[in-house]
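Dear colleague,

I am handing over the structure below, together with some notes on what was found in it. Please read them with the coordinates open beside you.

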Amino acid sequence: MWTKLHWICYIIWSLGWRNHATLGAILDSRCYLEGGGSAESFLATEDLAVGSIIGKLRINGDPNADTGDINLSLREKNAPVEIVAGGKELALSVELDKEGVRGPSSIYVNVICIRRHSTDPSFVIPVNVRVTDVNDNAPQWIGTPYTLTLSEVTVPGTRILQGARAEDADQPGPFSTVEYQVLPGPYSEFVQFLNPLEGTLVLKKALDYEQLQNFTVKLRAQDQGTPPRHSDTLLRVVITDADDQNPKFQRESYSAELPADGRPGELRMRPEPLKAVDQDEGICAPIQYTIVQSQDAKYFRIHPHNGAISLLTPIGYADVANGATLVVKATQIDNPDRYALTTVQLTRPGSHSDLSTLAFVQKRFVMRIREDTAVGNRILALPTNKPGKHLKYTIPDPVNSQFFSVGSLGELVLAKPLDYEKMTKHEFQVQATDGMTNSTAELTLEVIDVNDWEPRFRETHYEFMVPKSSLQSRVDSFDGVLVGKVEAADGDRNDKLELSLRGQHAGLFEIDSTGNIYMRPEQLQSLNESTVHLIAIATDTGVPPRSTSVPVSVTMEGLTLARSGWNSNMLGMFGMIVGLFLMIIVALSCYIVRSKKKGKSASSGLGLGRNRVHSQAHSSVSSANLVTHEKLASNQLGNGGHNGVNVTSGGVSVLHMKHGGNITMANPMNNGLHHVASGASSSMALGGSAALLERERERERDRERQRESYAATVRSIVSRASANGQLFEEEDEIEHDSLQTDNNNRKVVTTCNAPVASGGVTTITTTTNSGSANGASNLLAATDAMGSSENNLTVYF
C-alpha cells in the first residue's frame, strides 16, 4: 500500500517539475520585442538636436544595471546613435541631414540583447531610423549677380532675361519648389517675372536714356515651405541710348549785324556762336549745318561743321535794307531724319527793321517723322521774325490738333501716337499771333512706316481633307492638287507677306503668295501616313522682319480608305479562318458522337453480358413459331433422347439445345417469306398468276407483322434461356460460324461447333434442297432473302 502511494507521489512530482520547467521556458520572453516582430523602426526629422531621444526600444526585460535582467548594447562602433545607460531609450549622437551633406540621411544599427543569469545566446535586433526632410535649405541663385544692357527703345513686354534660376537642396516637393518675384522698391515697376515658377524677366515699362541711364532691382527666390525660406540677389540694368531724339540748338534764335561796308566776311552771332547738339547723349551723332533755301539765302554761306555764317558776295544797302532772316538746319550725319531748325535775324548797323508785322520765316514747312516717335517729343521749330517773344500758336484743323500742339516759342510737339496704317501724311496750318498781327504757315508731315505689326493668320489651326478622287484623278499628272488656302494679313500697310511651309513632309507641298497650298500626288509613294502635320509661316518685309506661324493638318482620304480596306480584308480573312475552324470542330464532334453510337449499337448487338445476337438476314418466323419451337426442344430434351435436339420449321433448323445448358440458335427462316423449306419436296404445282399475286401480297403483310414482334420475341427467348441457366461461360467459345451459298442458290449453314459443359458438341446443320420445278418461285424468293442482311439472326447462349 505504501509502495503504491510512493509511486503515485513520485509521478505527481515528476509531472509538476516538468510542467514548471516548460512553463518557465515559455515565460522567459526576455530580449523579445513586445507584440512580436524582429526589428525596430523609428522616424526622426533631420533638424533633431544632438542628444535628443529618437525613441524607446520595445524589448522585454529590464536593462537596469543593478536590478535588471538583460543587457543592451550596440554592435557598431562609433554609431550615430547610442543607448541610454540603464534604459531602453535610443539617443542621437550626431547631426542628421536628409540631403546627406552635414550628416547621415538614414541610420541602421544592430542592438545586442543578453539575458542575465542565463546561458542562452545573445539576441540581435536590427534598428532602422528613417530621416525625414524639413525645410532647412533656402534656394540659392545660380550665376548671380545679373547684369543686363538694354536699349532705350526696347518695347515693353520684351523678354529681357531668360534662364535666371535658383536651386533648393531640399528633397523634391514643396520644400524645393522655387517661386520668383521682384521685390518692391525703386525702379521695381520696370521689370517683372513672366511666371512665378519660371525665371524669365520681361520689361514692364518703357525706358528713356535721357532720364535714366541705369537702375538696380532686387530679386527674390523663395520656396514653398512653412515657413518659407528665401534668398535675394540684385539685377542691374544698363540702358543704352537710341536715336530717338532730334538735335537741339543751344538757343531758340540768333541774331547778327551785316557789315557796314557790305564786304564779304564771317558774321558775329549773338548772344553766342550758333551750335546744335544731338539730344541722344549716348550716341552724340555729329551734326551738319545748312541754310534753308529762301530769297536772301543766296548771299550767305554756313560752315557745315561749326555753323559759322559768312557773307559770300558784297551787297548794297538796297539789297537788304530792311535786314534778313535766315533759317538754319542742323541735321544728324548718320540719320537725315533727325534734324533741328533755328532762325538768324540779320540787321544793318544803325538801322531798325520793320518788325511790327508778325511773319513766319517760311511759309511752308515739310518734314518726315517716324510713326514710333514718342509722345511729347519736339519734332519741329516754327521760327518767326519775332524770336524770343512769347506768341500764341493755334492749329485750326480739329483732327491734326489732336496729334500736335505748338508751344509759346514755336516748337511743334507730338501729342498723340502716330499710325502709318491709318494716316500716312498730316497736312495742316499753324497760325501765330502777337496780339496785333497774325501769320500763317503750312505744314506737311510725312509719317515713316515702322514694322510694328506681326503677321496674323485668320485661323489658329487649319485642317484640310484631300478627297480620294483628287488623288486618283491626278496620280499621273504633274499638276498639283489644291489642298486648301491659308489667309494671313499684316497690320503694316506697305509690308508684303512671304509664306512658307515647314515640317517633316513639307517637301511634298507648295504654297504660293496668296496662301494656296498644293500637293503633288506622284510624291505620295514616300508617304506612310494618312495625316501630315505642317507649319505655315508668314514673314513680312518690314525692317526688322516679323513672322508668325500656324499649324496645318492635311488628311489624305485615299490613304485612309486604303488602310481601312486592308484592315477589313484582314478581318474578313480572320473570320473565315475562325468559321472553318468551328466547322471542323462541329464535324469532328458529330463524327465522335456517331462513332460512339455505333460502338454502343455494336456492343448491344454483339456482347450484351454473355449473350451475343447477330443479325444476318430477314427474319420470317413469328413469335408464336419461336415459342412453339422452344417447347418442342424442351419436350425432346425432357424425354432424354439424343444429346442434341434439332428442331426444324419448314426444312430450316431453328433451335438446337443440349442438356448441358448450352443453346445455339440460328436465325429461323420461314419458307413462306424468304427461303424455300429445306428437305421438303416440291410437289406444289404451278398455279395461276392471280393466285401467285395474292400469295405475294399476303407474304408482305406477314413480313410487316413479324418485323414488329421480332425484337420482343428474341428478348423473350434470351430471358428464358438465361432463367434456365443455359448459357456459355465464355462468349468467345464459338469457334466457327459461317454461312455459304453455292452456285445453285442453295443455302448451306455449316456446322457450328461449340463446347458445352458436358463435353459434347452442339451441331446445327441446315440444308436447302431445290429439286423440283414447282418450287422455283419459292427458291427465287429464298435466294432474294439470302442476299439481305437486315434481320438474319444468330443467337449464342
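Is Cys284 buried or exposed? The model is a predicted one, and in it Cys284 has a relative accessibility of 53%, which is over the 50% cut-off, so that Cys284 counts as exposed. Cys590, at 44% relative accessibility, counts as partly exposed.

Two further cysteines are paired, and the structure holds one disulfide. It is formed by Cys31 and Cys113, whose sulfur atoms lie 2.0 Å apart, and because the torsion about their S-S bond is about -75 degrees, the disulfide is left-handed. The pair links distant parts of the chain, 82 residues apart, with Cys31 in the loop between helix H1 (2–27) and strand S1 (40–45) and Cys113 in strand S6 (residues 106–115). Both Cys31 and Cys113 are buried.

As for the interior, the largest nonpolar core has 30 residues, and those with the most contacts inside it are Leu380, Phe404, Leu412, Val430 and Leu443. The elements that give two or more residues to this core are strands, including S25 (339–347), S26 (364–370), S31 (425–433) and S32 (438–448), and S32 gives the most, with four residues. Leaving aside its neighbours within four places in sequence, Leu443 is in contact with Phe365, Leu380, Leu382, Leu412, His426, Glu427, Phe428 and Val430. Apart from this core lies another, of 26 residues, among them Leu148, Leu161, Val191 and Leu201.

With best wishes

Note on methods: Residues numbered from 1 in each chain as written. Predicted model: local features only at pLDDT ≥ 70, side-chain atom pairs only at ≥ 80, totals over all residues. Heavy atoms only, no water. Core = buried A, V, L, I, M, F, W, Y, C linked by side-chain atoms within 4.5 Å. Buried < 20%, exposed > 50% of the residue type's maximum accessible area, 1.4 Å probe, protein only. Contact = heavy atoms within 4.5 Å. Disulfide = S-S within 2.5 Å.
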